[in-house]
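Please look at the sequence and the model together before reading on. The report concerns one pocket and the salt bridges of the chain.

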Amino acid sequence: MTLPAVHMPLGPAELEATPGELQTLAPGVTYQKYSQGHVSSDLWSVEVQIKEDDTMKWQVVERSNAANVLVGLEKKGFAGRVDSRQVPVLKQFDDTWPVGRTMSEHKVRVGRFGPEEQAGATQLKGFLQSAGYSARTVYTGQDGADTTGPWEVRVVKVDPTANVAFKAVHGQDVRKGETVRDMAAAAGALVAVNASEFEVEPLDNKDALLFDGDPEGLHVNDGDLVSEPNNGRTALLLEGPGARVRVDEVSSKTQVTAADGQIHQIDGINRVPGRNRGCGGIGTERRDDVLYNRPMDSWTASGPTQRRVSNAVVVVPK
């Protein structure tokens with residue numbers, strides 16, 4: 001991998017990357033952190049759902065529907081705003097929105113809190129929910145608009161001759177997620193990074209937390225199928241010594257045959273019935289059957305308040 005010398009392809013071209021100390025973790029394995037950018041105008045806010053075509057949505061095409069929500073918010077003592085942007089249509093789903101056309105996207109938000117003030121946004125979300133609104137906290141840095149960061153990129157280089165192995169690991173139980181740090185310690189890893197997306201919902205959603213260690217997609221642990229693929233969604237494939245690491249779309253077919261010969265199809269493993277996130281499922285459902293005008297956003301918090309995750313990729317000594 002060629003490491004960036006001055007500028008990483010993130011943000012304005014004039015930003016410079018500052019390399020951190022080069023650390024040797026083991027013979028042939030090095031780690032280095034690169035920092036670039038500075039605090040931007042991004043902030044925490046609270047988003048409320050909007051009614052459009054008799055459906056509640058987080059973003060709508062018609063600005064007037066968002067404006068109607070502002071009126072109701074004002075009557076209840078909240079000062080809301082409409083955040084709007086134009087997004088390209090990447091997949092045509094009817095004659096109204098051909099590929100290449102731009103689509104308006106309008107969201108209703110309340111409050112502005114700095115990058116370190118997420119707790120204030122969480123408190124405001126509670127007030128809005130008590131007033132009868134469906135609400136969630138959002139960070140505007142995930143809107144896809146131009147930003148100056150900041151970013152930290154952590155680079156691990158593994159020489160092909162290094163006496164180490166790559167492994168996919170899972171926590172002790174799919175019913176409960178673990179931190180990447182805990183999984184790394186259990187595996188005796190030199191390096192660990194969180195792997196697939198995972199099922200983490202607000203603490204007041206008890207059904208979701210029944211299996212908050214369930215990966216959102218394929219996970220095979222020492223030959224055992226722990227989580228089924230979300231059909232058509234990508235997975236990281238570690239195919240053993242000498243094989244290439246691949247990222248590919250995967251699907252599965254799981255069935256059980258009863259004593260009388262009847263075959264029953266299974267559409268989920270180790271997850272809450274009826275909850276199959278990420279447009280997965282059995283049969284021919286694929287991720288490209290659903291319109292996505294921008295990348296899906298998901299992240300893992302770091303520091304002392306790390307969130308639990310379901311699995312990780314680790315580098316371990318042989």
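What follows describes the pocket and its lining, and then the salt bridges.

This is a predicted model, in which local features need pLDDT of at least 70 and side-chain atom pairs count only at pLDDT 80 or more, while totals for chains, interfaces and linings use all residues. Residues are numbered from 1 along each chain as its sequence is written, and side-chain values use heavy atoms, with hydrogens and water left out.

The second largest pocket has a volume of about 210 Å³. A pocket here is an open set of points on a 1 Å grid over the protein atoms alone, where a 1.4 Å probe fits, with protein on both sides within 12 Å along at least five of seven lines, and lining residues have an atom within 4 Å of a point. The volume is the space filled by probe spheres set on the points, which are joined across faces, edges and corners.

Of the 15 residues that line this pocket, Asp-42, Arg-109, Thr-140, Asp-143 and Ala-145 lie nearest its centre. By class, the lining holds eight charged residues (Asp, Glu, Lys and Arg), six polar and one nonpolar. Strands E7 (80–88) and E8 (102–113) each contribute at least two residues to the lining; strands are DSSP runs of E with at least two residues, numbered from the N terminus.

With a salt bridge defined as a side-chain nitrogen of Lys or Arg within 4 Å of a carboxyl oxygen of Asp or Glu, the count comes to 11. Three of these pairs are listed here.

| Salt bridge | N to O distance |
|---|---|
| Arg-109 and Glu-47 | 2.8 Å |
| Arg-85 and Glu-105 | 3.7 Å |
| Glu-152 and Arg-154 | 2.7 Å |

The salt bridge of Arg-109 with Glu-47 links distant parts of the chain, since Arg-109 is in strand E8 and Glu-47 is in strand E4 (residues 44–48), 62 residues apart. Both Arg-109 and Glu-47 are buried, a term for under 20% relative accessible area, with exposed meaning over 50% and partly exposed in between (1.4 Å probe, protein chains only).

In the pair of Arg-85 and Glu-105, Arg-85 lies in strand E7 and Glu-105 in strand E8, so the bridge ties together parts 20 residues apart in sequence. Arg-85 is partly exposed at 24%, whereas Glu-105 is buried at 8%.

In the third pair listed, Glu-152 is partly exposed at 46%, and Arg-154 is partly exposed at 49%. Elsewhere, salt bridges that share partners join Glu-47, Arg-81, Asp-83, Arg-109, Arg-136 and Asp-143 into one network.

Methods. Helix = DSSP H or I, 4+ residues; strand = E, 2+ residues; numbered from the N terminus.
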